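Here are my notes on the model you sent over, written as numbered points. Have the structure open as you read.

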Amino acid sequence: MERPGGRRTNPALSFLKELVFVVVGAIIVSSLLRAFVGQMFIIPSASMENTLLIGDRVVVQKITDFHRGDVVVFKDPADWLGDEPSEDPTPVDRLLEFIGIPTASSPGHLIKRVIGMPGDTVVCCDDSGRVTVNGKALDETSYLYTSPSGEQVAPSEVRFTVVVPRNRIFVMGDHRDLSADSRCHLADLSQQGRGQTAFVPISDVVGPAFAIASPFDRAKRLRVPATFADVPSPTEPAPERGEIKPAGVSCV
């Protein structure tokens, strides 16, 4: 092929240039989607079984609000992960994470279910052993972990009463026996005050997980359990600091 003026073009070079433009464009679009629309995360632990299993890839959306009962991904609020080991990401890992494809090395995030929103009073437990929110007992049988033998975990072995502060949420895993969630940080010491790091800042929430993307045999939409629809709104404004009773309660 000749250009006007008699100069010949190299078909291979032209194809390579077009390929570079396509790849760069795809990376830019993927990065924008990751930043503003949605992102995938790999489930690293058993704390959300059997709703989510280790190795599941979940899609987290960033364009809608979350509510009680949603499963949310959030940044580690106050060293909840401690010294949990993680592999150093390779250059390939970094590239994949940049364009929104999760790798096993993705650190620093947790995934739990929202039990209490700002102002909510969360109590464990009523006379039937159920967690209550604003006086309404939750029927958690649809999502709490059930063993292969059919035995379901208790809603909580930790007894507590909390009022969730402004701009924060109270979260719990679905496998309550293996989840170091808000309950386990009600006695943590910090500059915010004892137990305040149990309440996750809303600003640290990436978004609600709305679907399992893979493995394909587990792909499905994640929905808010029906029991949360009956929870009434709090009767008082959310306090500036979380209220915790009894003082010093924790999972240990």
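**Notes on the predicted model**

1. Phe199 is a good place to start: its relative accessible area is 0%, so this residue is buried. Keep in mind that this is a predicted model. Phe199 sits in the loop between strand E9 (residues 168-172) and strand E10 (200-201).

2. What does Phe199 pair with? Phe170 and Phe199 make an aromatic pair, with 6.0 Å from centre to centre and 50° between the planes, and the pair is tilted. Phe170 belongs to strand E9, 29 residues away from Phe199, and the pair links distant parts of the chain. Phe170 has a relative accessible area of 0% too, so put it down as buried. Add Phe160 and you have a cluster, since ring pairs link Phe160, Phe170 and Phe199.

3. Phe170 has a long list of neighbours. Leaving out residues up to four places away in sequence, Phe170 touches, among others, Arg113, Val114, Ile115, Gly116, Val122, Phe160 and Val162. Val164, Ser182, Arg183, Leu186 and Phe199 are on that list as well.

4. Which residues touch the most other members of the largest nonpolar core? They are Ile115, Val122, Phe160, Phe170 and Leu186, in a core of 24 residues. Strand E5 (121-124), strand E8 (160-163) and E9 are the elements that give two or more residues to this core. There is also a second, separate core: it has 13 residues, including Phe41, Val71, Ile212 and Leu222.

5. Now look at Val171, also in strand E9. Its relative accessibility is 0%, which is why Val171 counts as buried. Val171 and Phe199 are 28 residues apart in sequence, yet C-alpha to C-alpha they are 7.7 Å apart in space. Not counting residues up to four places away in sequence, Val171 touches Phe74, Trp80, Lys112, Arg113, Val114, Ile115, Asp181, Ser182 and Val200.

6. Two of those Val171 contacts, Phe74 and Trp80, deserve their own point. The model has 4 aromatic pairs. In the case of Phe74 and Trp80, the ring centres are 5.9 Å apart and the planes are at 85°, so this pair is edge-to-face. Phe74 is at 0% relative accessibility and therefore counts as buried. Trp80 is at 9%, so it counts as buried too.

7. Arg113 turns up in the contact lists of Phe170 and Val171. Where does Arg113 lie relative to Tyr143? Arg113 lies over the face of the Tyr143 ring, 4.2 Å from the ring centre.

8. A polar detail to check on your screen: the side chains of Gln39 and Lys62 are joined by a polar contact of 3.0 Å. Gln39 is part of strand E1 (residues 38-42). With 13% relative accessibility, Gln39 falls under the 20% cut-off and so counts as buried.

9. Which peptide bonds are cis? One joins Ser214 and Pro215, with omega at about 0°. Pro215 is in the loop between strand E11 (205-214) and strand E12 (220-221). Another cis bond joins Lys245 and Pro246, with omega at about -10°. Pro246 falls in the segment after strand E13 (243-245).

10. On the backbone, Asp79 has a positive phi, near 60°, and is a residue other than glycine. Asp79 lies in the loop between strand E3 (71-75) and helix H2 (91-98). Its relative accessibility is 54%, so Asp79 counts as exposed.

11. Asn167 is not a glycine either, and its phi is positive at about 60°. Asn167 lies in the loop between E8 and E9. Is Asn167 exposed or partly exposed? Its relative accessible area is 47%, so partly exposed.

12. Finally, the whole chain. The secondary structure comes to 2 helices and 13 strands. Of the 252 residues, 42% count as buried. Take the contacts with a separation of 6 or more: residues 24 or more positions apart account for 73% of them. The chain exposes about 14,100 Å², and carbon and sulfur atoms supply 56% of that area.

Key:
Residues are numbered from 1 along each chain as its sequence is written. This is a predicted model: local features need pLDDT of at least 70, side-chain atom pairs count only at pLDDT 80 or more; totals for chains, interfaces and linings use all residues. Side-chain values use heavy atoms; hydrogens and water are left out. Rings of Phe, Tyr and Trp (its six-membered ring) pair if their centres lie within 6.5 Å; planes under 30 degrees apart count as stacked, over 60 as edge-to-face and the rest as tilted. Buried means under 20% relative accessible area, exposed over 50%, partly exposed in between (1.4 Å probe, protein chains only). Helices (H or I, at least four residues) and strands (E, at least two) are DSSP runs, numbered from the N terminus. A charge sits over a ring if NZ of Lys or CZ of Arg is within 6 Å of the ring centre and within 35 degrees of the ring normal. A nonpolar core is a set of buried Ala, Val, Leu, Ile, Met, Phe, Trp, Tyr and Cys residues joined through side-chain atoms within 4.5 Å. Contact means heavy atoms within 4.5 Å. Accessible areas come from the Shrake-Rupley method with a 1.4 Å probe; for residues, only the protein chains shown count as cover. A polar contact is a pair of N or O atoms within 3.5 Å; within protein, one must be able to donate a hydrogen and the other to accept it, and residues adjacent in sequence count only if both atoms are side-chain atoms.
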